[in-house]
Amino acid sequence: MATFTTGVQPVEESREKGLKTGALGLASSVVIGVASTAPAYSLAATLFFVVAAVGLKSPLVAVLAFVPMLLCSIGFSELNKADPDCGTTFIWSTRAFGPTMGWAGGWATVAADILVMGSLAQVAGQYGFFLFQGPNSSIGANASGGWVLLVGIVWIIVMTYICYRGIELSARFQRVLLTIEVVLLMVLSVTALVKVYVSKPAGSLHPSLSWLSPSGLTLSAFVSGIILMLFIYWGWDTALSVNEETADKSRIPGRAGIISTVLLLFTYGIVIVAVQSFAGVGAKGVGLTNPDHQFDVLSVTGSAIFGTSGFGAVLSRLLILMVLSSAAASTQTTILPAARSTLSMAAYRALPQQFAKISPRYLTPTVSTIVVGVASVALYIPLNFIAGGNPIADAVSAIGLYIAFYYGLTSFACAWYYRSTVTNSARELWMRGILPVLGGLIMFAAGLYSLQSDWVASNSYTGWTVPGLNWQIGGIFIIAALAALAGIASFVYMRVTAPAFFRRQTLTRSTPVRIPEMEL
């Protein structure tokens, strides 16, 4: 194992972990940040529920959900300037609040990434068959079927291999996938708006400024919509998880995270307005609240927008490719931050040292990357067979709690880390104090609301009745609780078997970055 740095030095003078430095520029970092959110996949899987909650106010909710994300991205960016470590939330929360909170933040990051992988793999499997057999593929329509499961597993393996092979290959692959995705989303939006004004399809609506007004929106509906929208913005922080592989690592990753959130706002705003205008919010046909399309709004609406013959049929098939590429991009960029979080945790002995191994050839985490892929497959398989695969949808909803927790925790860590200097200037007070704290408060409020909502069985696709008490507990709450229990068990195991980190012997506010061992 490489020698660990000793003594106390300024955090800004941290050493590298062995990852490939300078491999990414600003453009590549922004691509990774945007691709991680999987705009097409997120809209396809979430828009029905958002519209069902807030009706025509979905553009307003998209704008308002952007606000806490922007505030949190500012906190991430400011912390990254002081300590550009790939462990992000884990490192920064440990430096600010100590080992226990730092470990919890790191676990929340990894848990959210692994819980969403089953859904991404399932979408990739389904859309693979839709692409080659057409949208009426009976195999693709069976989301929990054996063939979809097999393709989903292969998909995770392929994405894990690409992440293992190197960050530059990952970035090039992301650039291609994101280009396909964004171009088709814009073509879809323009075509939809043209048809709204020219051919006026049944149920279509002209865009209205009233869609951006809160009038007529209840507090309950508003909060539900915001929580759903927070999910579709989630993922931009991957741009900071690859900070140690980025040129000018103290500045570019933070900028990329902020730019990613802004680009997502414009993308979601345009697409939501266009699709809502074309399809309307009715419960029949292509209406956005038609329950027959609740898990796949985009492909159904896209077929109506483009048509099913001639060039329209080609565009409809390309739309399927878009959702497939979106899920692919997100699968890959979900593995990237999870592997780097566990790498950083292992470097400071918060996880077993095997997770800190780096490939001398590809300069990527080896054990961490492989374990994330294996864990994703190991979770995907049982969730696919339980209750017809419904727990996969509940797992996606369960990550909302973890997203709110680690985004909020990082935002609070920013203010606390800089607490002695925030009064030095107006810029520091706002950027390192007030704005991140506001973002953290919103995130924690959303997380607490989702926690009580997730308990209600009627809000989940699965549930459990407590023997003897007849309590009906929602599957979302159960999955979130089981992930938390797994985290607690891992925490206790590490604290007993490797207590150095928890005794503050490996990481404090001023500890320089450790160098993990290189795998031979």
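1. Secondary structure and overall form. In this predicted model, the chain holds 17 helices and 2 strands. Its radius of gyration is 22 Å, close to the 24 Å that the globule rule gives for 520 residues, so the chain is as compact as a globular protein of that length. Taken along the principal axes, the box filled by the C-alpha atoms is roughly 70 × 55 × 50 Å.

2. Burial, contacts and surface. Of the 520 residues in the chain, 57% are buried. When contacts are restricted to residues at least 6 apart in sequence, 79% of them join residues at least 24 apart. The chain exposes about 19,700 Å², and carbon and sulfur atoms supply 68% of that area. As for charge, there are 28 positive and 20 negative charges, and the mean positions of the two sets are 2 Å apart.

3. Asparagine 243 and its surroundings. This residue sits in the loop that runs between helix H10 (238-241) and helix H11 (252-279), and asparagine 243 is nevertheless buried, with a relative accessible area of 0%. Two polar approaches of its side chain deserve a look in the structure: the side chain of asparagine 243 reaches the backbone oxygen of aspartate 85 at 3.0 Å, while a polar atom of that side chain lies 3.2 Å from the backbone nitrogen of cysteine 86. Leaving aside neighbours within four places in sequence, the residues in contact with asparagine 243 are Asn80, Pro84, Asp85, Cys86, Thr88, Trp92, Lys249 and Pro253, a list that includes both of the residues named above, Asp85 and Cys86.

4. Helix H12. The helix spanning residues 297-306 is mostly covered, since 7 of its 10 residues count as buried under the cut-off of 20% relative accessible area. The buried positions in H12 are Val297, Leu298, Ser299, Thr301, Gly302, Ile305 and Phe306. Glycine 307 follows H12, and the phi of this glycine is positive, near 90°.

5. Cysteine 163. This cysteine is found in helix H7, which covers residues 146-165. Its relative accessibility is 1%, and because buried means under 20%, cysteine 163 counts as buried. The C-alpha atom of cysteine 163 is separated by 19 Å from that of proline 253, a residue 90 places away along the chain; proline 253 is also one of the contacts of asparagine 243 described in point 3.

Key
Residues numbered from 1 in each chain as written. Predicted model: local features only at pLDDT ≥ 70, side-chain atom pairs only at ≥ 80, totals over all residues. Heavy atoms only, no water. Helix = DSSP H or I, 4+ residues; strand = E, 2+ residues; numbered from the N terminus. Rg over C-alpha atoms; globule rule 2.2 N^0.38 Å. Buried < 20%, exposed > 50% of the residue type's maximum accessible area, 1.4 Å probe, protein only. Contact = heavy atoms within 4.5 Å. Areas by Shrake-Rupley, 256 points an atom, 1.4 Å probe, with all protein chains shown as cover. Lys, Arg positive; Asp, Glu negative; His and termini not counted. Charge placed at Lys NZ, Arg CZ, Asp CG, Glu CD. Polar contact = N/O pair within 3.5 Å; in protein donor to acceptor, adjacent residues only side chain to side chain.
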